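Good morning, and thank you for the time on today's agenda. I would like to take you through a structure that may be new to many of you.

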Amino acid sequence: MAPPLTRPRPTLPHPFARRAVPLAHEVLEGSGARPPLVLLHGLFGSHSNFQSVAKAVARRSGSSKLLCLCPQPDLVERLISVDVSPSSTAAVSEFSAYISAMKSVNIPYGLPRSAARQLADDQLRPVVQMAQLRQFLLTNLVEVEGRYVWRVNLEAISHHFSDIMDFPVFHKPYPGPTLFLGGSNSPYISPKDYPEIQRLFPKADIQFIEGAGHIVHQDKFEEFITAILNFLPAPQSQGPGLP
């Protein structure tokens, strides 16, 4: 008797497989004297947050391109981590309270944009006391058919907040030069993080900009730009006759 026919089992995707998603980005062209510089914004941010930084670095350093995404991380020659460490930041972050405050914002239908922003600012103030931070969060307030909504998915962020604030376990260190650039008034990089920083980034240098908080480039713009330029490699000299 012939054995029963069997169909090959379909190959299922790996449970951790993810479909590539095209990221919104902007490219600024420079003179080409240095390798491209990639800028990645953080939670509640957008590429507009680093516009002034990108333009200043392109103008002063000659980086050939400034991007907000990186398709191949293994091409990273050196790394700058701005006010964040390779550890869980849930204990020091106040973003959970900020998310709750953003959820509770209530703006009447049809209000003019300026009045809507002012009302949202007033409603956030009891929880988000720093005016500069409120303005940063308010960049996410957008008008859709007469109603003002948050363009970020607050429900999804709330649901996965612990994962967002956590840091994955890595065993292989990154071998390139790394700068951890923090604000002296921010708790996101502390001495307890130094052993893990040194384990994962053996060529790390840790610096703090005096008087800056978590949004370092807004608090101390010139000092921030100077620290970046000092860390970037020097422009490669081109010999005679080379294009």
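I shall begin with the protein as a whole, then turn to a pocket, a helix, a hairpin and several loop residues.

Please keep in mind that what you see is a predicted model. The protein contains nine helices and eight strands. Of its 243 residues, 35% count as buried. The area that the protein exposes is about 15600 Å², and carbon and sulfur atoms supply 58% of that area. As for contacts between residues at least 6 apart in sequence, 76% of them join residues at least 24 apart.

Let me now turn to the second largest pocket. It holds about 350 Å³ of space. Its lining is made up of 19 residues, and those closest to the centre are Glu 94, Tyr 98, Met 130, Leu 133 and His 214. Which elements give two or more residues to this lining? They are helix H2, residues 95–103, and helix H4, residues 131–138. Sorted by class, the lining of this pocket comprises ten nonpolar, seven polar and two charged residues.

Helix H4 deserves a further word. Its buried residues are Leu 133, Arg 134, Phe 136, Leu 137 and Leu 138. Against which elements do the buried residues of H4 pack? They pack against H2, H3, S5 and S6. Leu 133 therefore appears in two places in this account: it is among the residues closest to the centre of the second largest pocket, and it is buried at under 20% relative accessible area.

Just ahead of this helix we find Val 128, in the loop between helix H3, residues 113–124, and H4. Val 128 counts as buried because its relative accessibility is 1%. Setting aside neighbours within four places in sequence, Val 128 is in contact with Tyr 98, Leu 133, Arg 134 and Leu 137. Tyr 98 and Leu 133 were also named at the pocket, among the residues closest to its centre. Val 128 and Ala 101 are 27 residues apart in sequence, and their C-alpha atoms are 8.0 Å apart in space.

We come next to S5 and S6, two of the elements against which H4 packs. Strand S5, residues 141–144, runs antiparallel to S6, and four bridges join the two. One of these pairings can be named: the bridge partner of Glu 143 in S6 is Tyr 148. Strand S6 covers residues 147–150, and its two faces are not alike: Tyr 148 and Trp 150 form the covered face, whereas Arg 147 and Val 149 form the uncovered one.

The two strands make a hairpin, with two residues between them. In the turn is Glu 145, in the loop between S5 and S6. Is Glu 145 buried or exposed? It is exposed, because its relative accessible area is 71%. The phi of Glu 145 is near 50°, a positive value in a residue other than glycine. Most residues other than glycine have a negative phi.

A second residue can be set beside it. Asp 83 also has a positive phi, of about 50°, although it is not a glycine. Asp 83 lies in the loop between strand S4, residues 79–82, and H2. Asp 83 counts as buried because its relative accessibility is 0%, whereas Glu 145 is exposed.

Thr 89 is found in the loop between S4 and H2 as well. Thr 89 is buried, with a relative accessible area of 7%. Leaving out neighbours within four places in sequence, Thr 89 is in contact with Val 84, Met 165 and Tyr 188. Although Thr 89 and Met 165 are 76 residues apart in sequence, their C-alpha atoms are 5.2 Å apart in space.

My last residue is Ala 212, in the loop between strand S8, residues 204–209, and helix H8, residues 216–219. With a relative accessible area of 0%, Ala 212 is buried. Which residues does Ala 212 touch, not counting those up to four places away in sequence? They are Gly 183, Ser 184, Asn 185, Ser 186, Asp 219 and Lys 220. For Ser 184, the separation from Ala 212 is 28 residues in sequence and 5.7 Å in space, C-alpha to C-alpha.

That concludes the presentation, and I thank you for your attention.

Methods. Residues numbered from 1 in each chain as written. Predicted model: local features only at pLDDT ≥ 70, side-chain atom pairs only at ≥ 80, totals over all residues. Heavy atoms only, no water. 1 Å grid on protein atoms, 1.4 Å probe; cavity = no way out; pocket = protein on both sides within 12 Å on 5 of 7 lines; lining within 4 Å. Points joined across faces, edges and corners; volume = space filled by probe spheres on them. Nonpolar A, V, L, I, M, F, W, Y, C, P; charged D, E, K, R; others polar. Buried < 20%, exposed > 50% of the residue type's maximum accessible area, 1.4 Å probe, protein only. Pairing = 2+ DSSP bridges. Contact = heavy atoms within 4.5 Å. Areas by Shrake-Rupley, 256 points an atom, 1.4 Å probe, with all protein chains shown as cover.
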